[in-house]
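Q: Please take a close look at one part of this protein, a pair of neighbouring strands and the sheet to which they belong. I should like a connected account of how that part is built and what surrounds it.

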Amino acid sequence: MTTSKSTENNKESLKQRMQEDGVELILTQFVDIHGSAKVKMVPVEHFDDVADDGAGFAGGSLDGMGQGPNAHDMAAKIDLNTYTPLPWRRSTARFAADLFVDGEPHPYCPRQNLKRILKNLNQQGYVFNVGIEPEHFLVTKTAEGELQVFDPNSIDTLDKPCYDFKGISNVFDYLSDLMQAVRSLGWDAYQADHEDANGQYELNFHYDDCLITADRYTFFKMMTSQYAQKYGAIATHMAKPFADRTGNGGHIHFHLADAKTGVNVFEGNDDSAGLGLSKIALYFIGGILKHAKALCAVTSPTVNCYKRLQAGTAVSGSRSGFTWTPAFISYGDNNRTQMIRTAGPGHLEDRTVSSGCNPYLAFAAYIAAGMDGIKNKIEPGKPNLTNMYELTPVQTKKLGIEILPQSLYEALCELDNDKVIKESLGPIYDEFYDVKKKEWSQYHSQVSNWEIDKYLTLF
């Protein structure tokens, strides 16, 4: 691979910076089809190797990488703009990487696929800015394998623990470490809190271009795992680890911006309800709502995600009284019972996105859906201003509001019939569909304790 003069200059400045930071080891990091971080450890003196040619990986050993045991090596070539010193290990730095095979971009690389979508978006004059709410639990496992809330002082027991001072004090050191780490990286961390479920937390950092946000969300998950271990806990971003508690979302806050000026093009006065939305924003929403069922397979891509998205469980799905997870294909004002909430002029939030998603695939599919709305001027209809949790299924149907898929299988069926979302994944689609279909089959073939308790002596 050839390198430009500007790249060489950037490499030299990075070498100087790493020397000043005391970096001895580099983690070349990419994600598999699930969004799980994969790495190789490289001594800093081999920085040029991973910058120019990449670290070699056997793609056939991972899910969804489009390779078998006979395939040529995947090379993870680091993105020089993603230099990230590990806050928990100062002698080590991480670089996000793109995958290549035989010197060509690997089409099964989720990050490369997102860059493909973003290139097309930029040619149309836009950038996609995204912020994310990274909800996660701290848990422990008993000797018998039972999952428990991490509660070192036995005080995180409230039915409504959200924002509770004692609850957040219970893990103050963990959250403080995490906050300081995010601040040290320059991500502009601006708040952290105890979320709606016992043992559930969130730390927010400022939005950015969606590729940067995807890189940061991936690294954030890596950070939570390391800081949780320090205190004897497991950090999990599993969508629904407890049946009776609120699930983990990866809510996205987003807008399109003008690629040249950076101006938010979602802000305007074109909606009838005075939400502060432009025509472009309304069309984008229209595209999301049109493709919502297929999109759901990518933004909620695990069997477990659909335990979080169940319709009609606003109360029964959580000890706190609400699941805070809309299962309705709708948009509205500053109303958390809608799929898409208008949090402010030109500021949209999708509350259905799962913490278990691969952000690179999710953002690529999301852009494709929204831009289809803009291209075809898809009207989203009037905003819904009601409390969706109070409506019965019959009332919802009368309003013409559909619900999201209620299982991974249903979502995959919708995905397979949606050309726009399929094309947003490129050749990754076939791998994604096969991996997820197998996941569903494996799950569906299991006999659960619930089934044994329900049916063993029923007949």
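A: In this predicted model, strand β17, residues 340–344, and strand β18, residues 347–350, pair in the antiparallel sense over 4 bridges. Within this pairing, threonine 342 has leucine 348 of β18 as its bridge partner. In general, the strands of a sheet pair through backbone hydrogen bonds, either parallel or antiparallel.

The two strands belong to an open sheet of 6 strands, in which the order is β13-β8-β15-β18-β17-β16 and the pairing is mixed. Because β13 (208–209) and β16 (331–332) stand at the edges, each with a single partner strand, one side of each is left without a neighbour in the sheet.

On the other side of β18 in the strand order comes β15. These two strands, β15 and β18, pair in the antiparallel sense over 3 bridges, and isoleucine 252 stands opposite aspartate 350 in β18. The next pairing in the order, that of β8 with β15, is also antiparallel and runs over 7 bridges; here glycine 131 stands opposite histidine 253 in β15. Strand β15 is mostly covered, with 6 of its 7 residues buried.

The sheet also contributes to the largest pocket. Strands β8 (126–132), β15 (252–258) and β18 are among those that each supply at least two residues of the pocket lining, and β11 (189–194) and β12 (200–205) do so as well. The largest share of the lining, 4 residues, comes from β12. The pocket holds about 740 Å³ of space and is lined by 40 residues. Of these, Glu133, Glu202, His253, Arg336 and Glu349 lie nearest the centre of the pocket. His253 thus has two roles in this description: the histidine lies opposite glycine 131 in the pairing of β8 and β15, and it is one of the residues nearest the pocket centre.

Further along the chain from β18 lies helix α10, residues 359–375. Asparagine 358 caps the N-terminal end of α10, with a side-chain oxygen 3.1 Å from the backbone nitrogen of tyrosine 360. The helix has 17 residues and reaches 24 Å from its first C-alpha to its last, close to the 24 Å expected at 1.5 Å a residue. Helix α10 is mostly covered, as 16 of its 17 residues are buried. Lysine 377, which follows α10, has a positive phi near 50°.

Definitions and conventions:
Residues are numbered from 1 along each chain as its sequence is written. This is a predicted model: local features need pLDDT of at least 70, side-chain atom pairs count only at pLDDT 80 or more; totals for chains, interfaces and linings use all residues. Side-chain values use heavy atoms; hydrogens and water are left out. Two strands pair if DSSP finds at least two bridges between them. The expected span of a helix is 1.5 Å times one less than its number of residues. Buried means under 20% relative accessible area, exposed over 50%, partly exposed in between (1.4 Å probe, protein chains only). A polar contact is a pair of N or O atoms within 3.5 Å; within protein, one must be able to donate a hydrogen and the other to accept it, and residues adjacent in sequence count only if both atoms are side-chain atoms. On a 1 Å grid over the protein atoms alone, a cavity is a set of points where a 1.4 Å probe fits but cannot get out, and a pocket is an open set with protein on both sides within 12 Å along at least five of seven lines; lining residues have an atom within 4 Å of a point. Grid points are joined across faces, edges and corners, and a volume is the space filled by probe spheres set on the points.
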